[in-house]
Amino acid sequence: MMVVMLRHSSCLYNLSPTRDHPCISWGSLSKTIPILLFVPEAVVSKDGSISSVGERYNMAFKIVRTESRLVREILTNHGFHEVHPNSNDFNLMWTGSHLKPYVLRSLQDFQKVNHFPRSHELTRKDRLYKNIQRMQQTHGFKNFHIVPQTFVLPAEYQEFCNCFAKDKGPWIIKPVASSRGRGIYLVSNPNQISMTENILVSRYINNPLLIDGFKFDVRLYVLVTSYDPLLVYVYEEGLARFATVKYDRTSKSIKNTFMHLTNYSVNKKSSDYVSCDDPEVEDYGNKWSMSAVLRYLKQEGKDTTSLMKQVEDLIVKAVLSAELQIATACKTFVPHKTNCFELYGFDVLIDSNLKPWLLEVNLSPSLACDAPLDLKIKASMIADMFSLVGECIRYGEKVNINRCQFLKLTAALLYVNNVKSGN
Ligand code: ADP
């Protein structure tokens with residue numbers, strides 16, 4: 001929900017808004033604060049009744065250093081008008097990179113931006129691992145065994161060699177701050193590593209769960225609306241991305257990225273990549289919906305409820321591992337509690353024992369819609385995200401959004417808090 005806070009001095013009550021608009025909900029206590037509800041249909045249709053809502057309240061947004069057609073269309077078709085990237089007259093700023101301290105400091109209470117300061121504690125591969133390793137040390141290795149063992153090179157080269165003496169791998173090499181599979185390769189010996197600055201080496205999960213013989217991973221969308229108190233949501237639907245070459249566990253195919261990497265940006269280059277034109281068909285080709293994968297696994301007799309519980313647990317633990325740093329940065333740089341929100345892309349690999357592993361957390365997950373299934377999932381997700389983001393705990397208001405597919409991770413949080421306090 002977008003709590004309507006006006007940018008100018010005009011008073012809400014003078015606007016006499018209609019009480020029965022499909023895109024407006026009213027705060028449950030005072031019933032005087034209109035809250036905007038976003039609908040995914042806005043992406044495909046320019047409906048006057050939908051766009052009247054943003055126009056009525058003179059809502060404005062800007063998009064900076066990124067190109068997101070989906071975000072622009074959803075906002076524009078809800079009647080938000082776009083202002084120049086240099087303008088400060090906005091309700092919502094959507095940016096592709098993190099924000100400079102002076103930009104954060106200048107935010108007013110009605111303004112929202114889509115990143116928290118120091119989010120790289122989660123989204124840089126080396127920082128994520130270090131933060132989780134710290135949690136393993138303080139709260140028990142077992143409780144935070146959610147990422148494959150990792151070494152940052154060249155600093156930890158000797159530790160890696162000691163470990164390699166016991167575990168011959170294969171191991172996977174990644175640049176610390178890259179994405180889309182760029183610069184990633186597998187090695188079966190430390191001397192195969194080209195030693196550049198800022199790389200990490202992780203234990204390769206060589207028993208991935210396969211569907212029809214293919215490796216896949218899952219992209220999940222995680223929304224944080226506050227770090228203090230911590231409010232984490234996971235979107236119920238996600239995307240499974242399949243490799244284009246059947247998986248072979250022997251190390252003879254170690255160089256075949258179409259077999260070992262599941263990135264869309266890698267596999268779309270393969271002539272074997274199969275896309276699907278029908279948004280209603282969710283289990284065909286190289287990209288499935290996560291719910292289609294879960295249905296498939298359930299049919300195979302797998303305990304998908306337990307799997308999803310573990311996935312939720314992993315998400316909360318990862319966010320918790322960076323909570324303190326990000327909350328501290330918010331205290332330092334962000335003037336109002338409700339200024340920031342962030343949508344993270346969690347990449348999760350499930351192994352053949354049905355254990356999920358966190359591979360990485362993406363800052364600004366791709367909102368590109370190459371296939372109709374992308375549009376179907378991402379448009380609903382973005383609409384629900386904007387609806388939720390306005391749910392400030394302002395004035396004690398609480399609003400129910402019907403059909404919202406973001407699931408609040410409270411139960412899992414309690415569990416982790418128990419782990420935290422050693423219960
Ligand atoms: P990038 O940010 O470049 O996409 P990722 O960490 O997501 O980097 O890795 C890219 C792909 O490599 C993943 O989607 C997955 O298929 C594979 N991969 C990464 N790490 C591992 C691992 N430890 N074990 C098995 N496969 C992995």
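Student: Two strands pair if DSSP finds at least two bridges between them. With that in hand, over how many bridges do β6 and β7 pair, and in which sense?

Tutor: This is a predicted model, so keep that in mind throughout. In it, β6 and β7 share 2 bridges and pair in the parallel sense. One residue to look at is Leu-92, which stands opposite Lys-112 in β7.

Student: Which open sheet of 4 strands does that pair sit in, and what is the order?

Tutor: The order is β5-β4-β6-β7, and the pairing is parallel. At the edges you find β5 (81-82) and β7, each of which pairs on one side only.

Student: How many bridges join β4 to β6, and how many join β4 to β5?

Tutor: Strand β4 (residues 60-64) pairs with β6 over 4 bridges, in the parallel sense. There, Lys-62 stands opposite Met-93 in β6. The pairing of β4 with β5 is also in the parallel sense, over 2 bridges, and Phe-61 faces Glu-82 of β5 there.

Student: Back to β6. Are its residues buried or exposed?

Tutor: Leu-92, Met-93, Trp-94 and Thr-95 are all buried. Leu-92 and Trp-94 point to one side of strand β6 (residues 92-95), while Met-93 and Thr-95 point to the other, and both faces are covered.

Student: Which strands does α2 lie across?

Tutor: Helix α2 lies across β4, β5 and β6, and runs at about 170° to β4.

Student: And how does α2 pack with α11?

Tutor: Helix α2 (residues 69-77) and helix α11 (residues 372-389) pack at an angle of about 55°, and their axes are 10 Å apart. That angle makes α2 oblique to α11. Their crossing is right-handed.

Student: Which residues meet there?

Tutor: From α2 come Leu-70, Val-71, Ile-74 and Leu-75, and they meet Leu-375, Lys-378, Ala-379, Ile-382, Ala-383 and Phe-386 of α11. By class, the contact of α2 with α11 has 9 nonpolar residues, no polar ones and 1 charged.

Student: OK, new topic. What about the sheet with β8 in it: what is the strand order?

Tutor: That one is an open sheet of 4 strands in the order β8-β11-β9-β10, with antiparallel pairing. Its edge strands are β8 (150-153) and β10 (185-187), and each pairs on one side only. From one strand to the next, the twist averages 30°.

Student: How many bridges join β9 to β10?

Tutor: Strand β9 (residues 171-175) is joined to β10 by 3 bridges, and the two run antiparallel. For a landmark, find Ile-172, whose bridge partner in β10 is Leu-186.

Student: Which helices lie across β8, β9 and β11?

Tutor: Helix α5 (residues 125-139) lies across β8, β9 and β11 (199-203), running at about 130° to β8. Helix α6 (residues 157-166) lies across β8, β9 and β11 as well, running at about 145° to β8.

Student: I'm curious about the prolines by α6. What is the peptide bond from Leu-153 to Pro-154 like, cis or trans?

Tutor: The Leu-153 to Pro-154 bond is cis, with omega near 5°. Pro-154 sits in the loop between β8 and α6. In the loop between α6 and β9 you find Pro-170, and the bond from Gly-169 to Pro-170 is cis too, with omega near 15°.

Student: Why point those out?

Tutor: Most peptide bonds are trans, and most residues other than glycine have a negative phi.

Student: Which residues other than glycine have a positive phi, then?

Tutor: Arg-118 is one of them, with phi near 60°. Asp-212 is another, with a positive phi of about 55°. Arg-118 lies in the loop between β7 (112-113) and α4 (120-123), while Asp-212 lies in the loop between β12 (210-211) and β13 (214-227).

Student: Why does Arg-118 count as partly exposed?

Tutor: Its relative accessibility is 37%, and partly exposed covers what falls between under 20% for buried and over 50% for exposed.

Student: Last one: how do α9 and α10 pack?

Tutor: Helix α9 (residues 290-299) and helix α10 (residues 304-333) pack at about 140°, with axes 10 Å apart, and are therefore oblique to each other. Met-290, Leu-294, Leu-297 and Lys-298 of α9 make the contact with Thr-304, Leu-307 and Met-308 of α10.

Definitions and conventions:
Residues numbered from 1 in each chain as written. Predicted model: local features only at pLDDT ≥ 70, side-chain atom pairs only at ≥ 80, totals over all residues. Heavy atoms only, no water. Axes fitted to C-alpha atoms, helices over the stretch in contact; angles between N-to-C directions. Parallel < 35°, antiparallel > 145°, perpendicular 65-115°, else oblique. Left-handed = near helix turned anticlockwise from the far one by under 90°. Contact = heavy atoms within 4.5 Å. Nonpolar A, V, L, I, M, F, W, Y, C, P; charged D, E, K, R; others polar. Buried < 20%, exposed > 50% of the residue type's maximum accessible area, 1.4 Å probe, protein only.
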